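Me: I have a structure open and want to go through it step by step. Please keep the answers short and end each one on what I asked for.

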Amino acid sequence: MRDSSKQLVIPAGEHRVAHGFLFTFTGLHRRPDGKSEAHLHAHRLDGEGLKNEREPEFTANPVFWDTAFGLVREPFIKRYLTHDIYIEPVEYQSPQEAGMVTLGKGEETQAGKWRIKFARFELSGKPINGMPSDISVVLEMHDGKTTHILKPYWRLKANGIEDHPDRIAGRDIEVGIESMNAESRTVTLRIKGLEGLKGRPEFVVVNVQRKPAVNLVWLGTALILLGALLSGIRRIREAMKAQSAAIASQRKGRKEKKAVT
């Protein structure tokens, strides 16, 4: 039996299906300890649709939090007798206003007549705390006739970050960097003067796995350990019995020897 995994991208308030469940993302909730929980209502599906439309069978709450070493993720596990439903958080994106777009390396999007592609990162400048001071985002913006190369960049300084947007010559279009995620290699761009970027709601990306027979594996392991324990106890008892018999035999032999003399 193998694990079966399915990746879901779920915008807030929308639904996605995996492994017999309908998952609804209701939003990200900040906990008092600073960690964030993504709340996912899971309704079981049968052959005719939702088994219970009102109450979810369970609510999953996988966790995200930032550390000095990057983003840490904590999965949610729903246990059943014969299998587990394992929900691993991958990524969370907050809502984007109009004029914002998030792209992964090599990814492109269409906005009106413009095609926007995030080609790569470029690093340059003197090191600041072990990092090059200038981090550029290389973009290819094509209007159907001409491809324009833009390089907005961040300049790292001891007291913060300087934002340096780039512009298309002769056009009232400016592109700046809103945020970057080095781990997922994505960048969120702030674009002015370009129609067609309507924004989007928040969304979460999770991997949903069905891990079969996990509890049966643990049960089998427990039975093996119990069997080994019982076997050990039996051997100890047999050894003690044999030792007692040997001692009794020695004592009997001594008594018989004394009687002869």
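Me: Which residues do ring pairs link into a cluster?
Reply: Keep in mind that this is a predicted model. A search of the whole structure finds four aromatic pairs. Ring pairs link one set of residues into a cluster: Phe 21, Phe 23, Phe 58 and Phe 76.

Me: What is the angle between the planes of Phe 21 and Phe 23?
Reply: Both Phe 21 and Phe 23 are buried. Their rings lie 6.1 Å apart, centre to centre. The pair counts as tilted, with an angle between the planes of 45°.

Me: Is the aromatic pair of Phe 118 and Phe 121 stacked or edge-to-face?
Reply: The ring centres of Phe 118 and Phe 121 are 5.0 Å apart. The planes stand at 75°. Planes over 60 degrees apart count as edge-to-face. So the pair of Phe 118 and Phe 121 is edge-to-face.

Me: Which term fits Phe 121: buried, partly exposed or exposed?
Reply: Its ring partner Phe 118 has 0% relative accessibility, so Phe 118 counts as buried. Phe 121 has 26%. Buried means under 20% and exposed means over 50%. Phe 121 therefore counts as partly exposed.

Me: And Ala 119: buried or exposed?
Reply: Ala 119 sits in strand S13, residues 114-128. Its C-alpha atom is 8.6 Å from that of Glu 108, 11 residues away along the chain. The relative accessibility of Ala 119 is 17%. The cut-off for buried is under 20%, so Ala 119 counts as buried.

Me: Which strands are at the edges of the open sheet of four strands?
Reply: The strand order is S1-S21-S10-S9, with antiparallel pairing. The twist averages 20° from one strand to the next. An edge strand pairs on one side only. That gives strand S1 (4-11) and strand S9 (76-79).

Me: What is the bridge partner of Glu 91 in S21?
Reply: Strand S10 covers residues 83-93, and strand S21 covers residues 203-212. These two strands pair in the antiparallel sense over 10 bridges. In S21, the partner of Glu 91 is Val 205.

Me: Which residues make the nonpolar surface patch of about 560 Å²?
Reply: One of them, Leu 230, is found in helix H1, residues 214-260. Residues in such patches have over 30% relative accessible area. The patch is made by Leu 219, Leu 223, Leu 226, Leu 229, Leu 230 and Ile 233.

Technical notes
Residues are numbered from 1 along each chain as its sequence is written. This is a predicted model: local features need pLDDT of at least 70, side-chain atom pairs count only at pLDDT 80 or more; totals for chains, interfaces and linings use all residues. Side-chain values use heavy atoms; hydrogens and water are left out. Patches are made of residues with over 30% relative accessible area and no salt bridge: like charges are joined within 9 Å, nonpolar side chains (Val, Leu, Ile, Met, Phe, Trp, Tyr) within 5 Å. Accessible areas come from the Shrake-Rupley method with a 1.4 Å probe; for residues, only the protein chains shown count as cover. A salt bridge is a side-chain nitrogen of Lys or Arg within 4 Å of a carboxyl oxygen of Asp or Glu. Two strands pair if DSSP finds at least two bridges between them. Axes are lines fitted to C-alpha atoms, for helices over the stretch in contact, and angles run from 0 to 180 degrees between N-to-C directions. Rings of Phe, Tyr and Trp (its six-membered ring) pair if their centres lie within 6.5 Å; planes under 30 degrees apart count as stacked, over 60 as edge-to-face and the rest as tilted. Buried means under 20% relative accessible area, exposed over 50%, partly exposed in between (1.4 Å probe, protein chains only).
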